[in-house]
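Me: I have a structure to go through. Can we look at how the helices pack and then at the cores?

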Amino acid sequence: MYAFEYHRPTSIGQAATLATEVEDVKFLAGGHTLLPTMKMRLAAPASLIDLSQIAELHGIERSAESITIGAMTKHAEVVNSSEIRESIPALAEMAELIGDPHVRHRGTIGGSVANNDPSADYPAACLALNATIITNKREIAADDFFQGIFTTALEEGEIITRVSFPIPSRAAYAKFRHPASRYALVGVFVAERGNDVRLAVTGAGADGVFRVPEMEQSLSRHFAPDALEGIIIPPEGMNGDIHADAAYRAHLVGIMARRAVQAAASRG
Amino acid sequence: MTTVSLTVNGQSVTADVDPRTLLVQFLRENLRLTGTHVGCDTSQCGACVVHLNGQAVKACTVLAVQADASVVTTIEGLAQGGELHPMQAAFREHHGLQCGYCTPGMIMAAVDMVNRKGSNLDEQTIRAELEGNLCRCTGYHNIVKAVAAGAQAMVQNPVRQAAE
């Protein structure tokens, strides 16, 4: 990788100030996407601002209504959090499907959300659970945050501080993993909260994570796999590559949606 | 250059490094600890797994500067007083290697697995937990047997486990 300047602030304020003062900045979270990207010279920032020593970005908090996760919280911490296991088990189960154990010791929720990889798991969880992405400047609803592959509502120098998830009545994530990369070929996260059902798909969309309103409406009337019968996902707008073409992914969306609903419904 | 200070296998180390130096490069080239291998260099294969503050990580995807003020254990740090760590001994006993290239990462991953999951590991758990470590020789069969036996041996020999 090309040379860069390295900065390690200890507060969000310092990090935000640095970002305005130094040229061509990238924020470094767990580094498990950014560092490989820099090695391949697909990114060559002049400066890295390492967020790992900022205490305000760590920690998991539970209230009656929500779980709020600090941006630098690692996937393994989400997997092992008893608060999350009790309130949103689907979220802990999703985190356990990311990468491998070593990757989960480094990768962070903030990094995954900010990167918005079209095959990443967290964007689907955020969208289905109606999360709020909290930054050093504002709060952004997940519906407004994810804006296409590797594209988000974040402005230059804006730092995700926390992600807040309303606690659903039941939820589940079903993932068809690519066996080598362990990213989602297709992943479906479904969440029911009162009469509101949200269903989000990652890995499939040519434009990144998306919701399926037709499935959501049918599930809000009857939350069971058979509510999805007859709903066809067309291949138009799906991603196609050497691993799976658009028609295959479109078909998988229906399969994984049924599995996710089945798993969520069985939570009673 | 940026100064890093960390503890590697119980020894304090301070050095000036280019910020782009990877932890695995720092271990191998600065400290000459060449037991940690570079396989794929893309965070897939696990040949470079070391423990960073007690957790298994892929040292090809961590900068040396990110390990500042941390405690690192490499494969060289496992054996105590010339005696193999129980997990190393189990890999030898069960022939858990052929060419040996993936072995340091496998053993560091296996010790981390026992630290997290305990010593009673069934085959399914071991295979799932090793998904971040690739072996191109053995077909994993003897590696899985070695991890199961090494996990049991770590409990039967708690002194050496604590030394890790």
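**Helix packing and cores**

Reply: This is a predicted model. In chain B, α3(B) and α5(B) are oblique to each other, because their angle of about 50° falls outside the ranges for roughly parallel, antiparallel or perpendicular.

Me: Which residues of the two helices make that contact?

Reply: Met106(B), Ala110(B), Val111(B), Met113(B), Val114(B) and Asn115(B) come from α3(B), and Ile143(B), Val147(B), Ala151(B) and Met154(B) come from α5(B). Nine of the contact residues are nonpolar, one is polar and none is charged.

Me: How far apart are the axes? And is the crossing left-handed or right-handed?

Reply: The axes of α3(B), residues 103-117, and α5(B), residues 141-156, are 10 Å apart. The crossing is right-handed.

Me: Switching to cores. Which residues touch the most other members in the largest nonpolar one?

Reply: Leu91(A), Met94(A), Val113(A), Tyr122(A), Leu129(A), Phe165(A) and Phe189(A), out of 40 residues in that core. Helix α8 of chain A, residues 122-128, gives the most to this core, with six residues.

Me: What does Leu91(A) touch?

Reply: Leaving out residues up to four places away in sequence, Leu91(A) touches Ile69(A), Val78(A), Ile84(A), Tyr122(A), Ala125(A), Leu129(A), Phe165(A) and Phe189(A). There is also a second, separate core of 33 residues, which includes Ala15(B), Phe26(B), Ala59(B) and Cys60(B).

Me: Last one, α10 of chain A. Which residues are buried there?

Reply: Met215(A), Glu216(A), Ser218(A) and Leu219(A) are the buried residues of that helix, which spans 213-221. Their cover includes β10, β11, β12 and α11 of chain A.

How values were computed. Residues numbered from 1 in each chain as written. Chains lettered and ligands numbered in written order. Predicted model: local features only at pLDDT ≥ 70, side-chain atom pairs only at ≥ 80, totals over all residues. Heavy atoms only, no water. Core = buried A, V, L, I, M, F, W, Y, C linked by side-chain atoms within 4.5 Å. Buried < 20%, exposed > 50% of the residue type's maximum accessible area, 1.4 Å probe, protein only. Helix = DSSP H or I, 4+ residues; strand = E, 2+ residues; numbered from the N terminus. Contact = heavy atoms within 4.5 Å. Axes fitted to C-alpha atoms, helices over the stretch in contact; angles between N-to-C directions. Parallel < 35°, antiparallel > 145°, perpendicular 65-115°, else oblique. Left-handed = near helix turned anticlockwise from the far one by under 90°. Nonpolar A, V, L, I, M, F, W, Y, C, P; charged D, E, K, R; others polar.
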